[in-house]
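Me: I would like a close look at a single part of this model, with enough of the surroundings to place it. Please keep it plain.

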Amino acid sequence: MAPIGERKENMGAIAGDDDDSEAQNLWATILGEVQSSSASNLPSTKSVLLLGDNESGKTTLVAKLQGVEEPKKGTGLEYYFIDIKDEYRDEQARLGVWVLDGDPSHNGLLKYCVTKDNFEHNLVLLVASMSNPWSIMESLEKWTSVLREHIDRLKIQHEDRREYEESLVRFFQEYTEPEEGQTSQSVAAPRRDVNPLHPSAPHTEEDRVLLPLGENTLSQNLGIPIVVVITKTDAISTLEKEHDFREEHFDFIQQHIRKFCLQIGAALVYTSVKEDKNCDLLYRYFEHRIYGFPFSQQAYVVEKDSVFVPTGWDNEKKIKILYENLSSMKAEDCYEDVIVKPMMRKPVQRDAEVIAEDEQVFLVKQQMQLSKQPAPGAAGESPLRPPAAATNKQSPSPRPTTPQASSSPKKLDGKNPQNTSEGMLANFFNSLLNKNTRTPVPTKAGEYMCNRHLWESSCTRGREGKYGSVKPLAIERRVICVKFVYFSTVCVCPWST
């Protein structure tokens with residue numbers, strides 16, 4: 001029998017081992033709870049990439065999904081985020097959103113948003129606008145080519161890329177349409193251990209039995225999930241009024257877009273931020289396609305401005321139903337030949353055309369205007385000399401002309417600069433002589449006789465000058481005395497012949 005002291009030591013050792021085991025079990029329980037909670041949290045590595053031309057509505061659409069009224073536009077590569085909330089577990093996450101500028105010079109920025117490491121966590125939106133229906137197909141094909149070239153540059157391993165492509169095929173084959181009246185609450189909660197963008201391969205033989213896809217379905221499989229979004233469907237009414245679009249035109253557009261979506265394995269959503277059509281539907285489809293949330297919305301292709309085709313629902317037989325409404329066109333017709341861009345001619349601002357009137361009419365008008373204008377003597381005398389009335393008061397009799405001023409041949413030399421204007425002055429007075437004259441009327445009593453006496457005495461001296469006489473000219477009611485610089489004073493009399 002062991003001593004009492006040894007017994008107590010053994011009992012203490014056993015108790016210490018029990019405490020250590022309990023502490024280890026407690027820590028294991030805590031770590032297990034943390035691991036389980038982290039596995040059930042929404043992943044924060046998911047992101048969406050928007051590709052499309054400028055003015056196609058990419059930024060406005062993102063602002064609507066964010067719940068922002070005024071979108072903030074940038075340039076190059078823009079980054080936003082959308083809040084995602086799990087109503088089942090009361091969890092939240094932020095979905096990253098990349099918006100690439102429509103300028104082709106910014107295509108090199110794709111390397112910052114879609115990389116080799118995060119390729120499996122990306123969803124791509126190809127955005128086109130219904131306000132420019134003639135460029136929809138060209139835009140979708142162009143941005144698909146840009147995305148394909150970028151994926152090829154990533155140099156993803158062949159096995160991984162093949163697995164991505166096969167996962168899209170499985171998503172198509174495993175699609176089941178929700179039953180009518182089914183709600184999101186009746187659908188099972190999502191599994192967080194599976195990536196909804198790339199579902200894993202089935203493990204049992206029964207799950208491997210899947211129907212084959214159509215000939216043109218996923219013929220251009222890029223290995224990344226895609227959603228085609230047609231924005232600004234509110235412009236359909238404008239197309240009908242201004243460009244004479246009819247129902248068959250919109251059916252023709254829809255069947256071409258749906259064929260394109262089949263080739264790349266994409267969903268199709270018609271949206272209108274202005275009229276708030278299908279914006280909430282697109283948000284819920286994001287949650288379903290990226291995070292695996294329950295989704296109960298059925299496909300809808302009846303209304304031309306709110307089409308919704310989920311990935312995996314469509315096929316060529318369903319598209320052929322639209323052929324019945326095509327009367328003036330065929331489904332095989334080239335898209336650009338049927339949906340033609342209208343010729344928009346901008347108004348050219350031109351100067352007003354000036355029409356020259358007939359020469360004779362112009363001359364008659366000028367003659368009438370000249371006849372209405374008063375002669376220089378009627379409005380007032382020349383500013384270089386005093387009026388005639390003042391002159392008559394100061395000197396009632398004209399001054400006799402000195403013989404030196406009238407007959408000096410030495411002053412006619414070429415040294416005088418005014419001799420060069422002799423021809424111009426002669427032409428001027430000849431033009432005055434050809435005008436119609438009017439009989440002068442004396443303005444004051446005695447002025448008529450005084451002026452006549454002045455004229456006769458001046459003309460007598462003028463005729464005796466060296467250079468002969470000058471024919472008289474009547475100018476309004478007054479007697480005008482003109483002095484030639486090159487010979488004697490000559491007076492123009494209105495009544496002499």
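What follows is a request about one lysine and a reply that works outwards from there. With which residues does Lys304 form salt bridges, and where do the partners lie?

Reply: The model is predicted, so local features are taken at pLDDT of at least 70 and side-chain atom pairs at pLDDT 80 or more, whereas totals for chains, interfaces and linings use all residues. Residues are numbered from 1 along each chain as its sequence is written, and side-chain values rest on heavy atoms, with hydrogens and water left out.

First, the setting. The chain has 15 helices and 9 strands; these are DSSP runs numbered from the N terminus, helices being H or I over at least four residues and strands E over at least two. Of its 497 residues, 36% are buried (under 20% relative accessible area; exposed is over 50%, partly exposed in between, with a 1.4 Å probe and protein chains only). The accessible surface comes to about 31,700 Å², with 52% of that belonging to carbon and sulfur atoms; areas are from the Shrake-Rupley method with a 1.4 Å probe, and for residues only the protein chains shown count as cover.

Now Lys304. One partner is Glu240, with 2.5 Å between the closest N and O atoms; a salt bridge here is a side-chain nitrogen of Lys or Arg within 4 Å of a carboxyl oxygen of Asp or Glu. Because Glu240 lies in helix 5 (residues 236–242) and Lys304 in the loop between helix 7 and strand 7 (308–309), the pair ties together parts that are 64 residues apart in sequence. Glu240 is partly exposed, at a relative accessible area of 30%.

The other partner is Glu247, whose closest N–O distance to Lys304 is 3.0 Å. This pair also links distant parts of the chain, since Glu247 is in helix 6 and Lys304 in the loop between helix 7 and strand 7, 57 residues apart. Glu247 has a relative accessible area of 45% and counts as partly exposed. Lys304 thus bridges to a residue of helix 5 and to one of helix 6.

Between helix 5 and helix 6 runs a loop that holds Arg246. Arg246 is partly exposed, with 37% relative accessibility. From C-alpha to C-alpha, Arg246 is 9.7 Å from Ile236, 10 residues away in sequence.

The whole chain has 15 salt bridges by this rule. Among them is Lys277 with Glu275, the closest N and O atoms being 3.3 Å apart. Lys277 is partly exposed at 24%, and Glu275 is partly exposed at 42%. Elsewhere, Asp152, Arg161 and Glu165 are linked in a salt-bridge network.

Helix 6 also has a neighbour in helix 4. The buried residues of helix 4 pack against helix 6 (247–264) and helix 7 (279–291), where contact means heavy atoms within 4.5 Å. Those buried residues are Tyr164, Ser167, Leu168, Arg170, Phe171 and Phe172. Helix 4 (residues 158–173) has 16 residues and spans 23 Å from first to last C-alpha, close to the 22 Å expected, the expected span being 1.5 Å times one less than the number of residues. Just before it, the loop between helix 3 and helix 4 holds Lys155. Lys155 has a positive phi near 55° without being a glycine, and is exposed, at 67% relative accessible area.

Turning inwards, the largest nonpolar core has 51 residues, and those with the most contacts inside it are Leu126, Val228 and Ile257. Such a core is a set of buried Ala, Val, Leu, Ile, Met, Phe, Trp, Tyr and Cys residues joined through side-chain atoms within 4.5 Å. Helix 3 (residues 136–154) gives the largest share of this core, 8 residues. A second, separate core has 31 residues, including Leu197, Val269, Tyr283 and Tyr285. Beyond its neighbours within four places in sequence, Val228 touches Ile257, Phe260, Cys261 and Ile264, among others.

Links over long stretches of sequence are common in the chain as a whole: of the contacts between residues at least 6 apart in sequence, 76% join residues at least 24 apart.
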